[in-house]
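Student: I have a protein model open and no idea where to begin. Can we go through it together?

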Amino acid sequence: MTEPISSSASSQSTLAYLRYRVARDLGGAYAWFREKWRDSLLFRILASLFGLGLVIWIALFVWLASDLPEAEALLTYETPLPTVVRGYDGEIVHSCARERRVQLQFADFPEQLIEAYLSAEDKTFFSHGGIDYFGTAGAVIDYLNPMRTRRAVGGSTITQQVAKNLLLGDEYSVTRKLKEMILAGRIEQVMTKQEILELYLNEIPLGRRSFGVQAAARAYFDKDVDQLELHEMAFLAILPKAPERYGRKGQEQAAIGRRNFVLDQMAKNGFITEAEKAAAAALPLGLVTQRRERSVDAGYFLEEVRRELIERFGETAEDGPNSVYAGGLWVRTSLDPQMQLAARDALRDGLLRYHGGRAWTGPIATIDVGQGDWASQLQSSPLGISYKDWRIGVVTSRQGQSARIGFADGTEASLGNLPDRLKAGDVIAASPEGNGWRVRTVPEAQGALVVQAPQSGRVLAMQGGFDHRLSDFNRATQAMRQPGSTIKPFVYAAGLDNGMTPSTQIDNSRFCYYQGANLGEKCIRGGRGGQFPMRYGLEQSQNIMTVQIGMTAGMDNVVEGIEKLGIGKFPAYPSTALGAGETTLVKMVAGYSALANHGRLNTPTVIDYVLDRRGKVLWRADKRECRGCNMAEWDGKPMPRFGVQGTQAMDARTAFQVMHMLRGAVSRGTATVLNPLGLPLFGKTGTTTGPKDVWFIGGTQQYIAGAYVGFDQPRNMGGYAYGGTIAAPIVKSLIEKTRAKWSDLPAVAPQGVRMVRVDRSTGKRVFDGWPTDDPKSAIIWEAFKPDTEPERYTRQDEIVARRNEILALLRAGRANADTAIVDDVEEQPANFVEQQGGIY
């Protein structure tokens, strides 16, 4: 019986046989080579050249491969993506981008779009290993052609293009091409074909500052890739060859010819039918010249967002993985688009109203039209305007009463309504009129408008000037201005915190202060002389009463309260009580928001939170924790809630008392222009010395709005300029445009506030009547802290009050005469406010 051969014995036999064959064949080859080397000179020369070439090739390969980037880096490569900014409702309002980029997954690309690119760029993509040798040979022949007048084309597979675009750069050289081939082979080893295509279609430069097919689809057709038609896909596929050529004006025929070539290749490759090819080839390009607006006109707000993001995360990829222009951040802001557009229009209307029929204020800028490139100069300029049908243009010529205007697109037209100072080279605003254009005046006075939610500090709207395209200086956050009488509520708050009540009688006859040994005492008379309740002084913006309250409460206490509210660090001078310090509109609005929010101050914010490209929260404005919000199962206890937001910067009762008194400023004081709105509004006007600035700040417990108007280089606005006539109507217009958002509900009082019926004129308590809706009602509700309610009003009080008023008027007349004599002799300052640098 034959013994079976074991598997180990069989394998040993096979190995022995292989060693025998290798030794025999190598020995035979070596013997043949030695014989040829000995007998043939030609063989020796050819063998030497071959060996030398092999050594050179190996050395060249080692040299080229030694400093190549790792192909594995593409596995973790992240496309540089722009930051997408969204409004309070999650809708996109802006994109911080210097390049158009949108990242998609492979499954998001339409199959026919992929086939178009394969037909145009690399039809053997799914069969080669990264290099198309026939295409490379053709490129080499093209490169060696002495008659060539352009760069050699062909030879680059899609994989090679990925290597070039992402790892090597676009250097035009043989060595770069060789490196590209080496890297392509390595890329094919570490990535799938689908991953390579995904990178390619997301990164390929396609002109119009767009990278990737999704960005290009929006740039050329204002569509997403899933909305593209066949002829549009074929057009996008021709762009890698000449991304900055085929989309230009005047290149339509060349683009159509190249597009139809791609359609023909798609048909030859079996991707489309001949009928589909013919139908697509018959269509025009259909390129759009202007995309639909996808951004809210909120330049000042969005620029504030951009500044904060850059400060927190950096600007470019070199600054970190979450940079503004490369990190692909997802930013939720507090911007309310409807409120923002209303704020923009309200401020512009107010500025134009103040400007009225004044003369032309001069050109926005000037350029040299003598060089003949005025259109390109306009195109490169950031200047623009978005107001009605106005456009920015340049005066190209002026002869007497005849002139022409040119626009950035190169068109020209006749220009009318010519100011005397207008000349060629002036960049101006103009609007259509008849068959031409007429000069428009951009108001010289500027201003700002801010809307904030008191309970959270979220800024809902911010307009920092007439148009951010004309000036990016944000007057809401950057302009330091004197607040005027809008600072007075915080002076009254100091008085309430230091023993006074809304019914406390304050002398409005005069205020005396000591100026030093040389000048002695200075006395200034007030408006209506006599003793009045604190409420009257705030409603009617009485300077003497305000200074009396500030000095009685202690100016140190006044400026400390102002600083706690983040308004600014002011000196403890009497003039500070009248608004002599400097601050910004956004800080003042935040201070008034604290009044509406029961004394709790929230830092103004324009960003709610920031996510990275994968949805991870990087930062959020609301730092509060919600304990128990993520519990696996309900424990039966009350629903977990966030704690109160903000810091307690003022006594809640004091804040409500001030707000309640400011309600009277709207009902019967300096801001009655707002009263017809029928809302429970409170607020305060302000007019600085000159007047140089006019203000209004106020609102409800739901929204606080603040506006100011003034020249950037402060100067007199005219004696008719007041906060109640210029600034308050701006806020009124804002509210009218957004009336549905404002609640009619009255303000909610905090604990510890008692509402008491008082006589409006004396502040005394009454029991025999009730307040009415009439703003001039003799009886009103007043807010008091416990145990500070006034005594009951009597007829005798009325007689005494009238007598004191008459005596105060007589004394004020005599004091005036005495003061006039002293001023004349000692040459003292004419008035206290100006001497202190203060305001009225």
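Tutor: We can start with the whole chain, then take some helix pairs and single residues.

Tutor: Keep in mind that this is a predicted model.

Student: OK. How many helices and strands does the protein chain have?

Tutor: The secondary structure of the protein chain comes to 23 helices and 26 strands.

Student: And how much of the chain is buried?

Tutor: The protein chain has 840 residues, and 49% of them count as buried. The area that the chain exposes is about 41500 Å², with 53% of that area supplied by carbon and sulfur atoms.

Student: What about contacts between residues at least 6 apart in sequence, what share join residues at least 24 apart?

Tutor: Of those contacts in the protein chain, 68% join residues at least 24 apart.

Student: Now helices. How do people describe two that pack?

Tutor: Two packed helices are described by the angle between their axes and the distance between the axes.

Student: Then what are the angle and the distance for α3 and α9?

Tutor: Helix α3 covers residues 111–121 and helix α9 covers residues 230–238; they pack at about 40°, and their axes are 9 Å apart. Angles under 35 degrees count as roughly parallel and 65 to 115 as roughly perpendicular, so α3 is oblique to α9.

Student: Is that crossing left-handed or right-handed?

Tutor: The crossing of α3 and α9 is right-handed.

Student: Which residues meet there?

Tutor: From α3 there are Gln112, Leu113, Ala116, Tyr117, Ala120 and Glu121, and they meet Leu230, Met233, Ala234, Leu236 and Ala237 of α9. Sorted by class, the contact of α3 with α9 has nine nonpolar residues, one polar and one charged.

Student: Next pair. How do α15 and α17 pack?

Tutor: Helix α15, residues 488–497, packs against helix α17, residues 543–553, at an angle of about 45°, and the axes are 8 Å apart. With that angle, α15 and α17 are therefore oblique to each other. Their crossing is left-handed.

Student: Which residues make the contact?

Tutor: On the α15 side they are Lys488, Val491, Tyr492, Ala494 and Gly495; on the α17 side they are Asn543, Met545, Thr546, Ile549, Gly550 and Ala553. By class, the contact of α15 with α17 has six nonpolar, four polar and one charged residues.

Student: Let's leave helices. What is in the loop between α7 and β4?

Tutor: Arg208 is one residue placed there, with α7 at 193–203 and β4 at 210–211. Arg209 is in the loop between α7 and β4 too, and so is Ile204.

Student: What is the phi of Arg208?

Tutor: Arg208 has a positive phi of about 55°, although Arg208 is not a glycine. For Arg209, also not a glycine, phi is positive at about 60°.

Student: How accessible is Arg208? And Arg209?

Tutor: Arg208 has 28% relative accessibility and counts as partly exposed. Arg209 is partly exposed at 46%.

Student: Is Ile204 buried or exposed?

Tutor: Ile204 counts as buried, because its relative accessibility is 4% and buried means under 20%.

Student: What does Ile204 touch?

Tutor: Not counting residues up to four places away in sequence, Ile204 touches Gln161, Asn165, Ser210, Phe211, Gly212 and Pro240. Ile204 and Ala216 are twelve residues apart along the chain, and their C-alpha atoms are separated by 9.7 Å.

Student: Where is Gln452?

Tutor: Gln452 is in strand β12, residues 446–452. With 0% relative accessibility, Gln452 counts as buried. The C-alpha atoms of Gln452 and Val586 are separated by 8.8 Å, with their places 134 residues apart along the chain.

Student: Which residues does a cis peptide bond join?

Tutor: Gly690 and Pro691 are joined by a cis peptide bond, with omega about -5°. Pro691 sits in the loop between β22 (682–687) and β23 (693–699).

Student: Last one. Where is Ala747?

Tutor: Ala747 is in the loop between α21 (723–737) and β25 (754–759). With a relative accessible area of 38%, Ala747 is partly exposed.

Student: What is Ala747 in contact with?

Tutor: Leaving aside neighbours within four places in sequence, Ala747 is in contact with Phe656, Met659 and Gln701. Ala747 and Phe656 are 91 residues apart in sequence, and from C-alpha to C-alpha they are 8.7 Å apart in space.

Definitions and conventions
Residues numbered from 1 in each chain as written. Predicted model: local features only at pLDDT ≥ 70, side-chain atom pairs only at ≥ 80, totals over all residues. Heavy atoms only, no water. Axes fitted to C-alpha atoms, helices over the stretch in contact; angles between N-to-C directions. Helix = DSSP H or I, 4+ residues; strand = E, 2+ residues; numbered from the N terminus. Parallel < 35°, antiparallel > 145°, perpendicular 65-115°, else oblique. Left-handed = near helix turned anticlockwise from the far one by under 90°. Contact = heavy atoms within 4.5 Å. Nonpolar A, V, L, I, M, F, W, Y, C, P; charged D, E, K, R; others polar. Buried < 20%, exposed > 50% of the residue type's maximum accessible area, 1.4 Å probe, protein only. Areas by Shrake-Rupley, 256 points an atom, 1.4 Å probe, with all protein chains shown as cover.
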